[in-house]
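Visitor: I would like to go through the labels used for this model, and hear what each of them rests on.

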Amino acid sequence: MKSKYILKKYHIFLYMLFLLFQIGCDGKATEQQKIDTVVSEIKIGLTVYRRDDTFIAMIVSDMEEAVKEAEQKNNIKIVMNTMDAKGSQIVQNDHIDKLIEQGCDVLCVNLVDRTVAATVIDKAKAADIPVVFFNREPVKEDLERWNKVYYVGADASESGKLEGQIVVEQYNKNNNIDKNRDGKLQYVVLEGEQGHQDALLRTEYAVKTITEAGIQMDKLAGDTANWLRSQAETKMNQWLQIYDDEIELVLCNNDDMALGAIDAYENIDKTLPAIVGIDGIAPAIEAMQQGKLLGTVKNDAEMQSELIFELSYRLAMKEDISKSMNLVRGKYIFTRYTILKPNNDILNEQ
Ligand code: GAL
Ligand code: CA
């Protein structure tokens with residue numbers, strides 16, 4: 001009886017020893033697993049609608065900087081493959097397939113045609129690769145197709161309002177804009193690409209802000225120049241032949257087109273009317289300091305790239321970004337626009 005009892009105790013002792021050994025092994029295994037799962041390389045796939053677009057070129061080079069900084073800071077290899085769709089959605093779709101095949105951890109997409117986001121989202125979803133859209137905003141319904149889809153950009157209506165404010169302030173300060181003194185502003189609009197949120201809303205809100213301030217507007221002409229300096233110059237040449245001195249204000253959806261308008265006036269040595277732009281690119285700031293551009297609105301490329309990169313990096317690292325990033329409605333990040341005028345505070349900071 002006693003020997004049976006001792007034997008049982010002995011078995012319990014052995015079993016406990018076995019358990020202790022097991023716990024020890026499990027602990028070690030977890031540590032080992034942790035080491036194995038430390039990420040040493042991530043791949044970011046970046047595709048842009050046109051790399052020669054001035055503002056987009058700024059975003060790409062700022063992203064490249066962000067990659068270098070993060071590599072050093074986090075001791076990690078970051079491969080960023082940048083593709084230029086050169087204005088073709090077909091080419092961009094093909095690039096998306098390639099980036100997925102290459103095993104990218106995240107896709108950063110500046111759509112050519114912002115109405116076809118669904119195609120891109122479905123491809124990414126099938127491969128379970130999160131997508132960060134930027135600058136060309138897909139419609140809400142498309143962004144809602146999947147929970148791993150995000151958008152980084154800026155509120156287009158805000159830039160229109162601020163552009164309008166530049167005109168209102170100048171009009172109220174010294175009404176030299178209304179050259180023929182008829183109490184109305186005769187204006188032309190150089191628009192960005194048709195269907196782009198920044199073209200439609202910037203024009204709408206700039207005009208609204210000016211008229212709501214009690215200034216009457218008289219539209220002479222408006223047309224798209226696709227964000228481009230050269231196309232804007234051509235358009236402006238045509239309008240100058242028709243309207244000549246009647247034009248008192250040139251509202252431009254971006255700075256490159258404002259610079260194109262200035263080129264047209266300078267080519268024929270004509271006095272410049274009030275010209276306003278948006279983006280805050282270096283040559284526009286220079287034109288403003290020379291008194292050729294009334295003002296511009298800074299579209300914060302640096303901040304946008306930082307945010308696109310940070311979001312992409314965290315997604316690639318499989319972080320729970322709902323905790324680490326400040327997302328609007330779980331999907332959006334918007335940067336603020338700011339007015340830039342000659343000698344204002346922001347300019348002095350630069
Ligand atoms: C706008 C920018 C334009 C052009 C466009 C491209 O936000 O102001 O200059 O770059 O994006 O989508
Ligand atoms: Ca007038």
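**Labels and their grounds**

Guide: With 8 residues, α11 gives the most to the lining of the largest pocket. The model is a predicted one.

Visitor: Which elements give two or more residues to that lining?

Guide: They are α2 (54–74) and α11 (301–316). The largest pocket has a volume of about 410 Å³. It is lined by 16 residues, and those closest to its centre are Ala-66, Glu-69, Ala-70, Glu-306 and Phe-309.

Visitor: What makes up the lining of the largest pocket in terms of nonpolar, polar and charged residues?

Guide: The division is 5 nonpolar, 2 polar and 9 charged. Glu counts as charged, and Ala and Phe count as nonpolar.

Visitor: What is the volume of the second largest pocket, and which residues lie nearest its centre?

Guide: The volume is about 330 Å³. Asn-176, Leu-272, Pro-273, Ala-274 and Ile-275 lie nearest the centre, out of 17 lining residues. The lining of the second largest pocket holds 8 nonpolar, 4 polar and 5 charged residues.

Visitor: Why is a space called a cavity and not a pocket?

Guide: A cavity is a set of points where a 1.4 Å probe fits but cannot get out, whereas a pocket is an open set. By this rule there are 2 cavities of 30 Å³ or more. The largest cavity has a volume of about 110 Å³, so it passes the cut-off of 30 Å³.

Visitor: Which residues are closest to the centre of the largest cavity?

Guide: Asp-53, Phe-55, Asn-135, His-196 and Trp-227 are closest, among 13 that line it. The elements giving two or more residues to this lining are α2 and α7. By class, the lining of the largest cavity has 4 nonpolar, 4 polar and 5 charged residues.

Visitor: Why is His-196 called buried?

Guide: The relative accessibility of His-196 is 4%. Buried means under 20%, so His-196 counts as buried. In the protein chain, 49% of the 350 residues count as buried.

Visitor: Where does His-196 lie, and what is it in contact with?

Guide: His-196 lies in the loop between β6 (184–191) and α7 (197–212). Leaving aside neighbours within four places in sequence, its contacts are Arg-114, Asn-135, Arg-136 and Trp-227. Contact means heavy atoms within 4.5 Å. Arg-136 is 60 residues from His-196 along the chain, and their C-alpha atoms are separated by 7.0 Å.

Visitor: How many of the contacts between residues at least 6 apart join residues at least 24 apart?

Guide: In the protein chain, 71% of them do.

Visitor: What makes β7 and β9 edge strands?

Guide: The sheet is open, with 4 strands in the order β7-β6-β8-β9 and parallel pairing. β7 (216–224) and β9 (274–276) each have a single partner strand, so one side of each is left without a neighbour in the sheet, and they stand at the edges. From one strand to the next, the twist averages 20 degrees.

Visitor: How do you know that β8 and β9 pair?

Guide: Two strands pair if there are at least two bridges between them. β8 (residues 249–252) and β9 have 3 bridges, in the parallel sense, so the condition is met. Leu-249 stands opposite Ala-274 in β9.

Visitor: Which helix packs on this sheet?

Guide: Helix α8 (residues 229–243) packs on it and touches β6, β7 and β8. The direction of α8 makes about 130 degrees with that of β7.

How values were computed:
Residues are numbered from 1 along each chain as its sequence is written. Chains are lettered from A and ligands numbered from 1 in the order in which they are written. This is a predicted model: local features need pLDDT of at least 70, side-chain atom pairs count only at pLDDT 80 or more; totals for chains, interfaces and linings use all residues. Side-chain values use heavy atoms; hydrogens and water are left out. Buried means under 20% relative accessible area, exposed over 50%, partly exposed in between (1.4 Å probe, protein chains only). Axes are lines fitted to C-alpha atoms, for helices over the stretch in contact, and angles run from 0 to 180 degrees between N-to-C directions. On a 1 Å grid over the protein atoms alone, a cavity is a set of points where a 1.4 Å probe fits but cannot get out, and a pocket is an open set with protein on both sides within 12 Å along at least five of seven lines; lining residues have an atom within 4 Å of a point. Grid points are joined across faces, edges and corners, and a volume is the space filled by probe spheres set on the points.
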